[in-house]
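Colleague: Before I use this structure, I would like the labels on it explained. Can we go through them one at a time?

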Amino acid sequence: MENQGFPKSCRLLDSSAYEDVFNKPDFRISNKYILILGRKTPMGSARLGVIVSKKNVARATARNRVKRVIREAFRTTKSLLPSCDLVILSRKGLDSLDNEKCRACIDELLEEIKRKHSTE
RNA sequence: UGAGUUGGCCAGGCAAUCGCUGUUGUUUUUAAACAGCAGAGGAAAGUCCGGGCUCCACAGAGCACAGUGCCAGGUAACGCCUGGGGGGCGCGAGCCUACGGAAAGUGCAGCAGAAAAUAUACCGCCCUACAUGCCUUAACCGGCAUGAGGGUAAGGGUGAAAUGGUGCGGUAAGAGCGCACCGCAUGGGUGGUAACACGCCAUGGCGAGGUAAACCCCACUGGGAGCAAGGCCAAAUAGGGAUCCAAUGGUGUGGCUCGCACUGGAUUCGGGUAGGCUGCUUGAGCAGACUGGUGACAGACUGCCCAGAUGAAUGAUUGCCCUCGACAGAACCCGGCUUAUGGCCAACUCUUCAU
RNA sequence: UGGGGUGUCGCCAAGUGGUAAGGCAACGGACUCUGACUCCGUCAUUCGUAGGUUCGAAUCCUACCACCCCAG
């Protein structure tokens, strides 16, 4: 169980990294509550950026909770993912789910990424 | 038992595994690894007040503007807190209270009502050796009605509000016109630091209505902007062309004037741009017991260091226990206020029943 | 995080202490064979919420709620 860490090298650190993903996404996957943009990178492990807007999740405690759940889901499945930059955006109503459902919701999408990658 | 008032306390705990941030130590490839320690709140919230800090002048003067407004104290300061006074609410414990000035001036009061701030008089009441008519009488006298002139403010009705209240005397009818009691005002006395209080004394028949969260007057307070402040480093604002205006001018973040500091300014052509570090946590700090004070609080002593992120850190899973865990997440920092919210404890009040 | 602003009928709105204008929409009626146009009428238990000041508050004061804008 190495590779379960979540150091800074596995995060998107400045706005230019986010810009790249937004401008030229190689794939996008979504369901009712979450949208994932992804861009393939040549080397290293996957990197994550999270955007949870005040408009979609109004209260600060709920925003923090959602972000933690997303990071946790990414951290535990990171080693199985291809090397790419991901930006996970929340949609309206995400805060109405409890932690378990929210986790399931994200895992579903990450599974899809894994499947797509393995078929290529 | 039920209902309520006030004050205080806590904010699930423990263990294991995997992760995040800071810091200390060790190792080395100077960026990581390992180990230890620390890691959101009572409201972190709303941004409603007050400060610290930073720049503008070292924050100055006058006007304007804004705020505060019973008294005394506390505090760095406050619109906060404590104690007290007046008024109001509640059976009570208690709670609420923008609570200075209306004889400095200006304004406002719809509808209703006679009249809305000037004192007057609609329905009334009363008087007249005034006029007319009628009744009565032999006639005068007398009575009634209407009008005229006058005296009244008792009663009626309107309104949120109508020029002290009740009683007795008095009168043509009435009226603080007089008296008693109550209320009010002024001056004094006593108590209290004071606000104010008084079953104290004297004087005044009572003249001055309401509204200042209307303008205003009085007293006190306030310069402006805000960490996206500001500072440092690298780079850059360079240099140049054209036009216009002007040295009692222009700029300096606030409304005006002064003062102070700096200094030509505006438009346009073309050219260039990149961020990082710091501020950033030791402070009106926290804990303990002591002293002074009714209390807010203050003083001295001992001990402690207790988040500092910056695409933004506290989570996930499992086990055990209990009452099965509400509101909610720091972004420069403090003191308050307000709002959201789960539970526990203590004191007190009312009520039901029992003794 | 800081600074500023706005809430009045379904929509746009006037009102700055004394019965809350107006337009669009909606509804009912008239005109028409039927529609459109036009004409007439109806529509605010209360001005975002809760307290207070006042005889009286959309308006003045205080607290809160919601929404919008600006600053990298």
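Modeller: What follows takes the salt bridges, then a helix, then the sheet. Keep in mind that this is a predicted model.

Colleague: How many salt bridges are there by the rule you use?

Modeller: The count comes to four. Behind the rule is a general point: side chains of opposite charge can pair when their charged atoms come close.

Colleague: Why is the contact of Arg-47 with Asp-85 called a salt bridge?

Modeller: The closest N and O atoms of Arg-47 and Asp-85 are 3.1 Å apart. The cut-off is a side-chain nitrogen of Lys or Arg within 4 Å of a carboxyl oxygen of Asp or Glu, so the pair qualifies. This bridge links distant parts of the chain: Arg-47 belongs to strand 3 (residues 47–51) and Asp-85 to strand 4 (residues 84–90), 38 residues apart.

Colleague: What makes Arg-47 partly exposed, and is Asp-85 buried or exposed?

Modeller: Partly exposed is the band between under 20% and over 50% relative accessible area, and Arg-47 has 27%, so that label applies. Asp-85 has 6%, which is under 20%, and therefore counts as buried.

Colleague: Which residue does Arg-75 bridge to, and where do the two sit?

Modeller: Its partner is Glu-72, with the closest N and O atoms 2.8 Å apart. Arg-75 and Glu-72 are three residues apart in helix 2 (residues 60–77), so about one helical turn separates them. Arg-75 has a relative accessible area of 23% and Glu-72 one of 33%; both values fall between the two cut-offs, so each residue is called partly exposed.

Colleague: How do you know that Lys-114 and Glu-111 form a salt bridge?

Modeller: The closest N and O atoms of Lys-114 and Glu-111 are 2.9 Å apart, and the limit is 4 Å, so the pair passes. These residues are three apart in helix 3 (residues 99–119), which means about one helical turn lies between them. Glu-111, at 42% relative accessibility, counts as partly exposed.

Colleague: Why is Lys-114, a lysine, called buried?

Modeller: The label follows from the number: Lys-114 has 18% relative accessibility, and buried means under 20%, so Lys-114 is on the buried side of the line. Not counting residues up to four places away in sequence, Lys-114 touches Leu-80 and Leu-81.

Colleague: Which other residues of helix 3 are buried, and what do the buried residues pack against?

Modeller: Alongside Lys-114, the buried residues of helix 3 are Cys-102, Cys-105, Ile-106, Leu-109, Leu-110 and Ile-113. The buried residues of this helix pack against strand 1 (27–30), strand 2 (34–40), helix 2 and strand 4.

Colleague: How do you know that the length of helix 3 agrees with what is expected?

Modeller: At 1.5 Å a residue, its 21 residues should span 30 Å, and the end C-alpha atoms are 31 Å apart, so the two agree.

Colleague: What is the order of the strands in the sheet, and what makes a strand an edge strand?

Modeller: Four strands form an open sheet in the order 1-2-4-3, with mixed pairing. Strand 1 and strand 3 are the edge strands, as each pairs on one side only. From one strand to the next, the twist averages 15 degrees.

Colleague: How do you know that strand 1 and strand 2 pair?

Modeller: Pairing needs at least two bridges, and strand 1 and strand 2 have four, in the antiparallel sense, so they count as paired. Ser-30 stands opposite Leu-35 in strand 2.

Colleague: Where does helix 2 lie?

Modeller: Helix 2 lies across strand 3 and strand 4, and runs at about 165 degrees to strand 3.

Conventions: Residues numbered from 1 in each chain as written. Chains lettered and ligands numbered in written order. Predicted model: local features only at pLDDT ≥ 70, side-chain atom pairs only at ≥ 80, totals over all residues. Heavy atoms only, no water. Buried < 20%, exposed > 50% of the residue type's maximum accessible area, 1.4 Å probe, protein only. Expected span 1.5 Å × (residues − 1). Contact = heavy atoms within 4.5 Å. Axes fitted to C-alpha atoms, helices over the stretch in contact; angles between N-to-C directions.
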